[in-house]
Every structure is written in structure tokens, then in C-alpha cells.
Amino acid sequence: MQQEQQKTKNQPLYDTIIIGAGFSGLSAAYHLCEQRRRCVVIDPNPSLGGLVASHKFDTFSIEKFYHHLQRRDDHTAEMMQRLGIGHLLKWLPASNAYLADNRLYPLNNPLDILCFQLLSLKDKWRLAQLVRNVDKIDNLNEIDDLSVEEWITKTSSADVYRNFFAPLIHSKFGKEAANISAAWMVGRIRFRSHRSLRGETLGYVVGGFQQLVDALHSHLQNRCQFFMQQRVLRISRNKAGIFTVQTGTQVFQGRSVITTISPKTLLEIIDWPDEERQRLQHLPFQKVICVTLGIRHKVHPYYWCNIANPEVSFAVLLEHTNFYRDPHYPPALLYLANYCSSEQDFIWQMQDDEIVEAYKLSLNRFFAVKDADILWWKLARADAAGLIYRRGILKQIPAATTSIAGLYTIGLMRSFPERSINDSIKQGHEAATLANTYLGPVAVDSNRGLG
Ligand SMILES: Cc1cc2nc3c(=O)[nH]c(=O)nc-3n(C[C@H](O)[C@H](O)[C@H](O)COP(=O)(O)OP(=O)(O)OC[C@H]3O[C@@H](n4cnc5c(N)ncnc54)[C@H](O)[C@@H]3O)c2cc1C
């Protein structure tokens, strides 16, 4: 007790303690600081950005996990404008393909679909009808208990599922593919239905998303406090409504808390009432392994390639340099990735160099990339990479407000139908508004908001 008092002695009483320095947490901090609230952000990583952190090289940085923006990502575009870096957002053509039967099929526009040999003409017509009809579904809850396979087989055909949708779902959800909710699929088709007849255009930040992370950091560093390399181990609230947040070395006190972390960690660090505990216990999360490689030559002509060949050891291959190219990049930058649904997944248990060896074999066999063509590689793992959108997911996604007054839970566990930087920025703003209302009028104190 005495030791705890020591640790809090020099700490102010914060208005809001924000757990996690990813985009949800940074956006919450941004908006609370606008309201002159005194905030602290805590994260175990050495640098900001969460899943949008980058590998740093002498002359460039590249995201550890591939990232781009969608046309509808207006919260991100607005944040970039506010930070004075709106001019860095570029919209670029992004081509897609699909590897099946050892062949690459481009899938960008109606002509590509017409030429797609794995669907009959009748199935192509069914596919077009299905995409046209998704906007007519008023209530996603009605199809949330159906799997994508059941719904597409019912409304279209088994071949449309097998030859068109299954590879996409396998590349995103691996072994969980058969369990994925039709509501997610419909949400995703709507989310991505803004492409023109010429194909899709996606957004990227000149110099990489690290520019956005850095701009947020510069904006916030004199407005709120950051405690990095500190993992929150415990959150409690006393009868007077004051939260105590403990890391291994510090104790923080605040009037409200915004968490942006996974359900698994939330269960470990907070004593929840039964109903919330059960809800969090049943929220399935996925993991991801992502290898970035610098290559001496171009590998294929597309940006994004879903892999339907079961012999290939990765589920998705992106050639980033076919989308965005920086003069300092190597000739080609590739991402190879696999999603895992549990710690027991075979690939998750493999050592990093074993994974890279397996990926190299497939690169060699299917994309003619030899070991000597590989300049360098980096491997990143994320333990909490997003929700697995199983059947019934809509009933399980929790609200941002909890039964504990002043505690808000946001981030990946609330992102539907797509996790995204944009959704995190939006959620951070919403949670800041909730916390601000809960906190009431700002006390008159000239140092407020300045950490
Ligand atoms: C492979 C991959 C590709 C993606 N591609 C895109 C894309 O193209 N476009 C797009 O918009 N989005 C993409 N996303 C999604 C996007 O990265 C996320 O939606 C967004 O970054 C989530 O931000 P967040 O703050 O909610 O969560 P996170 O970034 O996960 O941040 C949570 C933070 O909490 C911290 N934390 C965890 N435990 C504790 C603890 N005990 N104490 C303190 N802090 C803790 C973590 O270290 C982390 O920094 C992708 C994600 C992945 C995995």
C-alpha cells in the first residue's frame, strides 16, 4: 500500500486514462485534448501506432502489416487534414488477382469476371445478381446466423461460393472459413462496392502511414502524456468513482478509462460482472503472421493476390510496389501473410525462420523467386489482429459503454464489417465524446490538457 502511494505520488489525477496507443487510443486522446481534458496514453510498445507500426530502414519505412485506405474512409482523410498532412493522401489504382490451379486470374472489372474461367456463364450472371441484391437486405441480423457458404449457395450457387468467395474467406479466416457469418459478407460487399468499371482505387500516404502516426505524435506530445513500454496489468474503480490503473512499475489514477485492447486482455485485467464476462469470453479473435520481403525484381503484375492453391504456404500475397512506389524502396516489396484462429495453429507455433523458409519454397515454386532474389525479410506477428466474424457475431459485439460507469471499451472488438484505421479513428472520437459528457464541465485550471 505504502509502495503504491509512492508510485502515484507524482502522478496527477487524469480525466481519462487511455489504454493502447493504436489509432483508437490516439484518436480518443486527440479529441479529449481538444476538449482540454488531461489524458495519459499507456502502451507496452516502444512506439505509437499499434497495428499500423512500421519497419524502419535508413531511407524509408514500411508498415509491418499491409495498409491502404478505402474511398469511404472520411474520418482518416479528415484527421489528415486537421494535422496539416492532407496533401500526403494519394488515390491510386489497385489491381487484384486470384491464384487458382497454378494460374493467376485478374479480378478487377466486369471484363475480368466475364473472362474468369472458373465460373460458368450462368454463375457469372448469378454473381452479378447477388452483388446487385445486397443493398436490398434491410436487416443484417436476419442472415447473421447463416454461414457465407449457406447463404451464397441458397441465393446463388455452390460453385459461386466455391470458385469465387471461398478463396477470399480462406485467405482472411483460414480454418474458420466455414463458420463465417453471411452478415459479415454482405457488410463487406457493401463496404467495397465503390469501384468503377475500370477497377478499384485505394488510398495511401506518401512516405507510408508512419507519416500519419508521426503527425499525430507531434500534435499530441505537448498536449497529453505518453507512457510507452508499460503494459497495463490491472484496472479497478473505487467507491468514489476513481480508477486505478497499474502497470509493472507505475500506478495511474483517473476519473475515466478508455480501453482499446483485446477481450482476452480485458478479461485478465478487470473484474467484470457475469454477463459482460461471458460476452467477452465468446468474442473470437484472430492472429496474423506477416512477412515483408525486399526483392530484386517484380514478381507479378498485381497489388493483391488471394491464393486458392492449397499447396502454397501463404494465404495472401501483396506486391506493395505495384500499388505505391517510393524511390528508396527495393525493386519489389512483397507481403506474405497467414491468419490463425488459435495459438495451436501449426503455423503460429513455427519459429520465424521456419515460416520464412516455407514461404520461400512456395515463392520459388509458384512465383519463380529464388533465394538469391531476396534482399531481406522481416516477420511480424500480431496476437490480436481482429474479430473472427463467426455466425451470430452481431449479437456479441459489445457497446462502447460498459456496466462500469466511466469505463469505455473500443477498438478491434467493435469493428464491423471491417477493422480499419478509419473505424478506429471514428470509435476513438465517439468514446472521447462519451467520456467528455461523463466527466462534466472542464475545471478552470490553466494547465489542463498539458499532461
Ligand atoms: C494484416 C492487417 C492488415 C490490415 N490492413 C488494413 C488496411 O489496409 N486498411 C485499414 O484501414 N486497416 C487495416 N488493418 C486494420 C487496422 O490496422 C486496425 O483496424 C487498426 O490499426 C486498429 O487500431 P486500434 O487502436 O483499434 O488497435 P491496435 O492497433 O491493436 O492498438 C491497440 C494497442 O493496445 C496496446 N495494448 C495491448 N495490450 C495492452 C495492455 N495490457 N496495456 C496497454 N496497452 C496494451 C497494443 O500494444 C496496441 O498498441 C489491418 C490490420 C491487419 C492486422
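Which strand does Leu334 lie in? Select Leu334 and see: Leu334 is part of strand 16. The model on screen is a predicted one, and this residue is a convenient place to start the tour.

**Stop 1: Leu334 and the core**

Keep Leu334 selected and show what surrounds it. There are 27 other C-beta atoms within 10 Å, and a residue counts as buried from 20 upward, so Leu334 is buried. Apart from neighbours within four places in sequence, the contacts of Leu334 are Leu293, Ile295, Val299, Leu317, Leu318 and Glu319. Now add Thr321 and draw a distance between the two C-alpha atoms: Leu334 and Thr321 are 13 residues apart along the chain, and the separation is 7.7 Å.

Next, widen the view to the largest nonpolar core, which has 118 residues. Leu334 is among the residues with the most contacts inside this core, together with Ile17 and Ala29. Select residues 332-340 to see strand 16, which supplies eight residues, the largest share of the core. Both domain 1 and domain 2 give residues to this core, so the core lies between them.

**Stop 2: The two domains**

Colour the domains separately. The domain assignment gives domain 1 as 2-52 + 210-281 + 398-439, and domain 2 as 110-194. How many Å separate the centres of domain 1 and domain 2? Taken over C-alpha atoms, the figure is 37 Å.

**Stop 3: Helix 2**

Select residues 23-34, which form helix 2. Helix 2 has 12 residues, and the distance from its first C-alpha to its last is 16 Å, close to the 16 Å expected at 1.5 Å a residue. Of those 12 residues, 11 are buried, so helix 2 is largely enclosed by the rest of the structure. The buried ones are Phe23, Ser24, Gly25, Leu26, Ser27, Ala28, Ala29, Tyr30, His31, Leu32 and Cys33.

To see what encloses them, show strand 1 (13-19), strand 2, helix 9 (210-220), strand 12 (251-259) and helix 15, against which the buried residues of helix 2 pack. Then pick Ala29 alone. Leaving aside neighbours within four places in sequence, Ala29 is in contact with Ile18, Cys39, Val41, Leu220 and Cys224. Finally, move just past the end of helix 2 to Arg36, where phi is positive, at about 60°.

**Stop 4: Around the ligand**

Which residues come nearest to the ligand? Select Gly20, Gly22, Gly50, Gly411 and Ser420, which come nearest among the 37 residues around the ligand. Helix 2 appears again here, as one of the elements that give two or more residues to the shell around the ligand. The others are strand 2 (39-43), strand 13 (285-295), strand 17 (374-387) and helix 15 (421-439). Colour the shell by residue type and it divides into 18 nonpolar, 16 polar and three charged residues.

**Stop 5: The loop before helix 15**

Go to Pro417, in the loop between strand 18 (407-409) and helix 15. Show the backbone from Phe416 to Pro417: this peptide bond is cis, with omega near 0°.

**Stop 6: Glu63**

Select Glu63, in strand 4 (residues 61-63). Is Glu63 buried or exposed? Glu63 is buried, with 24 other C-beta atoms within 10 Å. Leaving aside neighbours within four places in sequence, Glu63 has contacts with Val52, Ser54, Gly208 and Phe209. Add Thr292 as well: 229 residues of sequence separate Glu63 from Thr292, but C-alpha to C-alpha they are 8.9 Å apart in space.

**Stop 7: Two loops and helix 13**

Select Asp101, in the loop between strand 6 (96-100) and strand 7 (103-106). Asp101 is not a glycine, although its phi is positive, at about 50°. With 9 other C-beta atoms within 10 Å, Asp101 is exposed.

Then move to Ala368, in the loop between helix 13 (352-367) and strand 17. Ala368 is another residue other than glycine with a positive phi, near 55°. Ala368 counts as exposed, having 11 C-beta neighbours inside 10 Å.

End on Leu361, in helix 13. Leu361 has 14 C-beta neighbours inside 10 Å and counts as partly exposed. A last distance to draw runs from Leu361 to Asp371: these residues are 10 apart along the chain, and their C-alpha atoms are separated by 8.9 Å.

Key
Residues are numbered from 1 along each chain as its sequence is written. This is a predicted model: local features need pLDDT of at least 70, side-chain atom pairs count only at pLDDT 80 or more; totals for chains, interfaces and linings use all residues. Domain bounds come from an automatic or database domain assignment. A residue is near a molecule or strand if its C-beta atom, placed from the backbone, lies within 6 Å of it. Helices (H or I, at least four residues) and strands (E, at least two) are DSSP runs, numbered from the N terminus. Ala, Val, Leu, Ile, Met, Phe, Trp, Tyr, Cys and Pro count as nonpolar, Asp, Glu, Lys and Arg as charged, and the others, Gly among them, as polar. A nonpolar core is a set of buried Ala, Val, Leu, Ile, Met, Phe, Trp, Tyr and Cys residues joined through C-beta atoms within 7 Å. Two residues are in contact if their C-beta atoms, placed from the backbone, lie within 7 Å. The expected span of a helix is 1.5 Å times one less than its number of residues.
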